[in-house]
Amino acid sequence: MTGAEMLERVRRALAGVVPPSLPRVDASPPSARSDDPSASLSAPLAEHAQPVAHASTRELLRRFTVEASAVGAVVHLASDVSAAGTILASVARLAPAPPRIVAWRTALVSAALDGARAALPDLAVSFADEADLPIAEAEIGVTEVDVLIAASGTLVLGAAGERHRATSLLPRVHVALAPVDRLVANLAAALRVVSAAVGGPCTTLVTGPSRTADIEKKLVLGVHGPCELHVIVLGVAPDAGEAA
């Protein structure tokens with residue numbers, strides 16, 4: 001993509017875009033603040049500052065949902081893989097028909113795709129380790145998440161072999177699947193899991209859809225990555241919001 005094409009894409013993306021309203025943070029020197037570490041924060045930030053290290057699964061899920069939603073991700077709760085397939089089909093219906101999907105070849109992703117095909121028989125699916133469809137030409141990329149970080153609404157994805165990292169970076173829509181037991185409290189806990197269990201040459205941390213504010217300090221989504229991020233958390237009753 002040339003520089004002129006990139007700028008034109010930014011101009012189109014900015015048309016009608018209203019930057020989100022962000023809470024103010026006290027910029028006074030630390031010495032001028034209260035001893036309370038959250039006293040200098042606005043009410044929303046003070047609430048988020050509460051510790052989550054020893055939280056229950058339900059509390060971690062609530063925190064993850066709040067944080068992920070705050071940065072533009074859509075969190076879906078699915079009781080099982082069949083429900084996850086139904087959600088995936090509903091996301092695919094919003095893409096150009098028939099939607100083209102590129103996916104990781106994992107057991108969880110494959111099972112969810114089978115469920116989605118039951119609802120959308122014409123769903124066109126290629127796996128990332130195949131050459132049938134260039135990843136950049138797919139409308140939807142489907143991956144599995146290794147770790148969900150509650151404190152920031154972040155996804156941790158380890159890339160190796162058939163788990164091509166571009167699957168989460170190039171398609172316009174990224175759909176990520178994760179069992180609820182992959183929730184951890186914070187980045188430190190996630191790094192311990194990654195160092196012990198996530199293999200491969202590359203680990204990607206994803207927090208919300210792709211965004212940039214480099215040009216005129218205006219927030220633009222999807223300039224260099226997905227415009228939409230959908231996270232499907234499995235093992236959760238959608239009506240109760242609790243781990244199954």
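**Close-ups of a predicted model**

**View 1. Leu157 sits in strand β6.** Everything in these views comes from a predicted model. Leu157 has a relative accessibility of 2%, so it counts as buried. Setting aside the neighbours within four places in sequence, its contacts are Trp104, Thr143, Glu144, Asp146, Ser168, His174, Cys202, Thr203, Thr204 and Val206. One of these partners, Glu144, is 13 residues away along the chain, and the two C-alpha atoms are separated by 7.2 Å.

**View 2. Gly158 is another residue of strand β6.** Its relative accessibility is 2%, so Gly158 is classed as buried. Look across to Thr203 here: the two residues are 45 apart in sequence, yet their C-alpha atoms are 4.4 Å apart in space. Gly158 also turns up among the residues that Arg163 touches, and that arginine gets its own view below.

**View 3. Thr154, also in strand β6, has polar contacts to two side chains.** Where does a threonine like this fall, buried or exposed? Thr154 comes out at 4% relative accessibility, and because buried means under 20%, this residue counts as buried. Its side chain makes a polar contact of 2.6 Å with the side chain of Ser152. A second polar contact, at 2.7 Å, links the Thr154 side chain to that of Thr207. Beyond four places in sequence, Thr154 is in contact with Phe64, Val147, Leu148, Ile149, Leu205, Val206 and Thr207. For a distance to keep in mind while you zoom, Thr154 and Ala190 are 36 residues apart in sequence, with 9.9 Å between their C-alpha atoms.

**View 4. Thr204 belongs to strand β9, which covers residues 202-206.** At 9% relative accessibility, Thr204 is buried. Leaving out residues within four places in sequence, it is in contact with Leu155, Val156, Leu157, Arg165 and Leu169. Leu157, the residue of View 1, lists Thr204 among its own contacts.

**View 5. Arg163 lies in the loop between β6 (154-159) and β7 (173-179).** Which way does this loop arginine go, buried or exposed? Arg163 has a relative accessible area of 15%, so it falls on the buried side. Its side chain has a polar contact with the side chain of Asp146, at 2.7 Å. Not counting residues up to four places away in sequence, Arg163 touches Trp104, Thr106, Glu144, Asp146 and Gly158. If you came here from View 1, you have met some of these names already: Trp104, Glu144 and Asp146 are among the contacts of Leu157.

**View 6. Val75 is in strand β1, residues 74-78.** Its relative accessibility is 18%; the cut-off for buried is under 20%, so Val75 makes the buried class. Away from its neighbours within four places in sequence, Val75 is in contact with Phe64, Thr65, Ala68, Val231 and Val233. The C-alpha atoms of Val75 and Phe64 are 8.8 Å apart, with the two residues 11 apart along the chain. Phe64 is a contact of Thr154 too, which ties this view back to View 3.

**View 7. Helix α4 (residues 81-92) packs against helix α5 (residues 107-119).** How are two packed helices described? By the angle between their axes and the distance between the axes. For α4 and α5 the angle is about 60°, and the axes are 7 Å apart. The two helices are therefore oblique to each other, and their crossing is right-handed. On the α4 side, the contact is made by Val81, Gly85, Leu88 and Ala89. On the α5 side, the residues are Leu108, Ala111, Ala112, Leu113, Gly115, Ala116 and Ala119. Sorted by class, that gives 9 nonpolar residues, 2 polar ones and no charged ones.

**View 8. Zooming out, the protein chain has 6 helices and 14 strands.** How much of the chain is buried? Of its 244 residues, 41% are. Take the contacts between residues at least 6 apart in sequence: 74% of them join residues at least 24 apart. The pair Gly158 and Thr203 from View 2, 45 residues apart in sequence, gives you a concrete pair to look at in this wider frame.

Definitions and conventions:
Residues numbered from 1 in each chain as written. Predicted model: local features only at pLDDT ≥ 70, side-chain atom pairs only at ≥ 80, totals over all residues. Heavy atoms only, no water. Axes fitted to C-alpha atoms, helices over the stretch in contact; angles between N-to-C directions. Helix = DSSP H or I, 4+ residues; strand = E, 2+ residues; numbered from the N terminus. Parallel < 35°, antiparallel > 145°, perpendicular 65-115°, else oblique. Left-handed = near helix turned anticlockwise from the far one by under 90°. Contact = heavy atoms within 4.5 Å. Nonpolar A, V, L, I, M, F, W, Y, C, P; charged D, E, K, R; others polar. Buried < 20%, exposed > 50% of the residue type's maximum accessible area, 1.4 Å probe, protein only. Polar contact = N/O pair within 3.5 Å; in protein donor to acceptor, adjacent residues only side chain to side chain.
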